[in-house]
Amino acid sequence: MEVFYKDLIYNKCNMGEVTNKDVYKNLIDLFKRHPEFEEKKGTGIQKIFIHQNKLNKKAREIYIERIDGSVVVISWRTCLSGLGKSNKALTLQAMRSAIHNQITDFKKAQKQVCNNCPSICDLEVDHTGSVVFSDMADLFLKNKILPSDFSYDKFGRVSFKDVDKELQESWEAYHKFYATLQLLCKNCHIKKTRGY
Ligand SMILES: [Zn+2]
């Protein structure tokens, strides 16, 4: 886990803006582990930059540029330790990882155009219909005992351990049955998520 991200940040990134889409995605997944992710994210992440640490020239720092133009540093080590993250937050992340395949399968099977505008660029899968992801997850978790320990998949995402396989499989089935998905372009997705 640590090796994966250290390699990513030190060997797979150049200084300056992160332009590689896969690296960008991996970093976003990493950021979600930060105990203050919501504050770091602010109005939304627009760009990610890698800079040299001013005091220790061998060290690299990651900066987030938000949609409103403000910039904030984010410690990848704090992301890794995930200190302060509740079991609930980690469970939700593992649940998102568990349905990742369903999401990508859905995306592949669709006509590649936004469901809300004519855009064909930057398409993302959105949970539509009456139940949004977080509500669905809450309903599923009701009266269930949350896992106390988690594992990480090969992409560095939080995932369920083998002992929680039953929970994972029942969640995957639950999601497949109840989720209504649609493709939205990035702009429409942001607008919808923020409610305007
Ligand atoms: Zn759109």
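These are my notebook entries on a predicted model of one protein.

**Overall dimensions.** I began with the size of the chain. For 196 residues, a compact globule would have a radius of gyration near 16 Å, and I found 18 Å for the protein, which agrees. I then took the extent of the C-alpha trace along its principal axes, which is about 50 × 45 × 25 Å.

**Burial and contacts.** I looked up the buried share and noted 20% of the 196 residues. I also checked sequence separation: of the contacts in the protein with a separation of 6 or more, 65% are between residues 24 or more positions apart.

**Secondary structure.** I noted nine helices and eight strands in the protein.

**Sheet.** I followed one open sheet of four strands, ordered β1-β2-β3-β4, with antiparallel pairing. Its edges are β1 (16-17) and β4 (71-74), each of which pairs on one side only. For the β1 edge I looked at the partner strand: β2 covers residues 45-52, runs antiparallel to β1 and is joined to β1 by two bridges. I traced one residue across, and Glu 17 has Phe 49 in β2 as its bridge partner.

**Leu 141.** I placed this residue in helix α7, which covers residues 133-141. Is Leu 141 buried or exposed? I counted 16 other C-beta atoms within 10 Å; burial takes 20 or more and exposure 12 or fewer, so Leu 141 is partly exposed. Setting aside neighbours within four places in sequence, I listed Thr 91 and Leu 146 as the contacts of Leu 141. I also looked up the distance from Leu 141 to Leu 167: they are 26 residues apart in sequence, and their C-alpha atoms are 9.5 Å apart in space.

Technical notes
Residues are numbered from 1 along each chain as its sequence is written. This is a predicted model: local features need pLDDT of at least 70, side-chain atom pairs count only at pLDDT 80 or more; totals for chains, interfaces and linings use all residues. The radius of gyration is taken over C-alpha atoms; the globule rule is 2.2 Å times the number of residues to the power 0.38. Two residues are in contact if their C-beta atoms, placed from the backbone, lie within 7 Å. Two strands pair if DSSP finds at least two bridges between them.
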